[in-house]
Amino acid sequence: MSLHADLLDQAEQLAQLDPRRPKQANLRRAVSSAYYALFHLLAWEASALYAAEPGMAARINRTHNHGEMKKASSMIANDKLPKAVQPSGGGYTTPLDLKSVANAFVRLQQARHEADYDLSRTFRKQEALAFVKLARQAFEAWGRVRRTDDARVYLACFHLWKRWDEDPR
Amino acid sequence: MALQEFWNNVRIGASLIAPQVTADAPRLDPASIESALRRATLWLTPRAVEGFNEADFPFLPQEERERLAKLVNEFSEVAAQVSPTDAAPREVVDLALPLFREILQMLEFHRYGDAEAYRLGKQIEQKLQPHWPKEIAELRFNTGLDHTGDPALWIWVFLTEDVSKDDETFLRAAQWLPTILDPIARRVAPDRWPYLSFRPITEPAEAVEAS
């Protein structure tokens, strides 16, 4: 099994632990693992755009930045491409499955931040399960869309959004 | 930002019963609001509703907006009778309390975390109203910056007890409800990212162990 698939299963197991009296620690780790499952899936796929050799792919993997991935995801989820790759005449509609992935990435990253750092709120078991389910749906949607140009451009945007969005000279 | 000013003043007046954390705030019934207001009458001053301007509430249905304006005006008149240095007479408290209580019930601090959340949340609920999904018991809203500093709108969707009885039904609802809520939120607040979370309506104490 891959790391991302293991993380997704782990997230589900943590959310299902203590069915009667769920511990906040387990629910919070479940939400966090759900995010990291999707993060590692997308980072692994993005690295594979550049390298097949595992060592090289792993080194590229480490260059991914959560903030830049969120920026690209929020734009793609809102039907926006960086200026340099926009179709002439403008107008781009993100395929639904890709939009689901990008949307889930942004939602899960914020949820993970709250789960890890915001102690003023509590998580409920079903709330945590819903975040795990969101990650699982994103995995499924990614499976359907991953071989398309839109998906590859999305992955490339993790590194290139800023450069591609600069005003063309 | 008169709406913000009015919101803050009422909230200060109601500080004993205005929750700090929207998602986990207990629902308040009229009796518990009245009981809290009777314990201390710091709210009985015209300052508690200062900043109100009916024109700041174009997002409310006309009837609701006019009702709020009437309550605020009547409350201001009654509160103006109270000397700032003496204890409020019982009969003035009895006159003012139902007015202030109803203002609090209309602003629903337990459901709207701030003035902007109130403005946006009300509009989202109105757009949802004609086709209100039976799975939704209640919505709660908050605004602010997310962890990367981008403007955000948090929407907590509380699902009914029926839907929350088993995980499968709950998750099915949590899967399809964003398809209607997300586009409405983006239309009403295009500059904010809508963060949706789904929770059962049952009280936290029943299901959560503090740990």
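Helices (H or I, at least four residues) and strands (E, at least two) are DSSP runs, numbered from the N terminus. This is a predicted model, in which local features need pLDDT of at least 70 and side-chain atom pairs count only at pLDDT 80 or more, while totals for chains, interfaces and linings use all residues. Residues are numbered from 1 along each chain as its sequence is written, chains are lettered from A in the order in which they are written, and side-chain values use heavy atoms, with hydrogens and water left out.

**Interface of chains A and B**
- Contact (heavy atoms within 4.5 Å) joins 32 residues of chain B to 31 residues of chain A.
- About 2,800 Å² is buried between the two chains, 48% of it from carbon and sulfur atoms; buried area is the accessible area (1.4 Å probe) that two parts lose on being put together, summed over both.
- The interface has 4 salt bridges, a salt bridge being a side-chain nitrogen of Lys or Arg within 4 Å of a carboxyl oxygen of Asp or Glu.
- B:Asp146 forms a salt bridge with A:Lys70, with the closest N and O atoms 2.6 Å apart.
- Elements giving two or more residues to the chain B side include strand S2 (151-159) and helix H7 (167-176); S3(B) gives the most, with 7 residues.

**Largest pocket**
- A pocket is an open set of points on a 1 Å grid over the protein atoms alone, where a 1.4 Å probe fits, with protein on both sides within 12 Å along at least five of seven lines; lining residues have an atom within 4 Å of a point.
- The volume of the largest pocket, as the space filled by probe spheres set on the points, is about 720 Å³.
- Among its 30 lining residues, those closest to the centre are A:Ser100, A:Asn103, B:Gln175, B:Pro178 and B:Thr179.
- H6(A) gives the most to this lining, with 9 residues.
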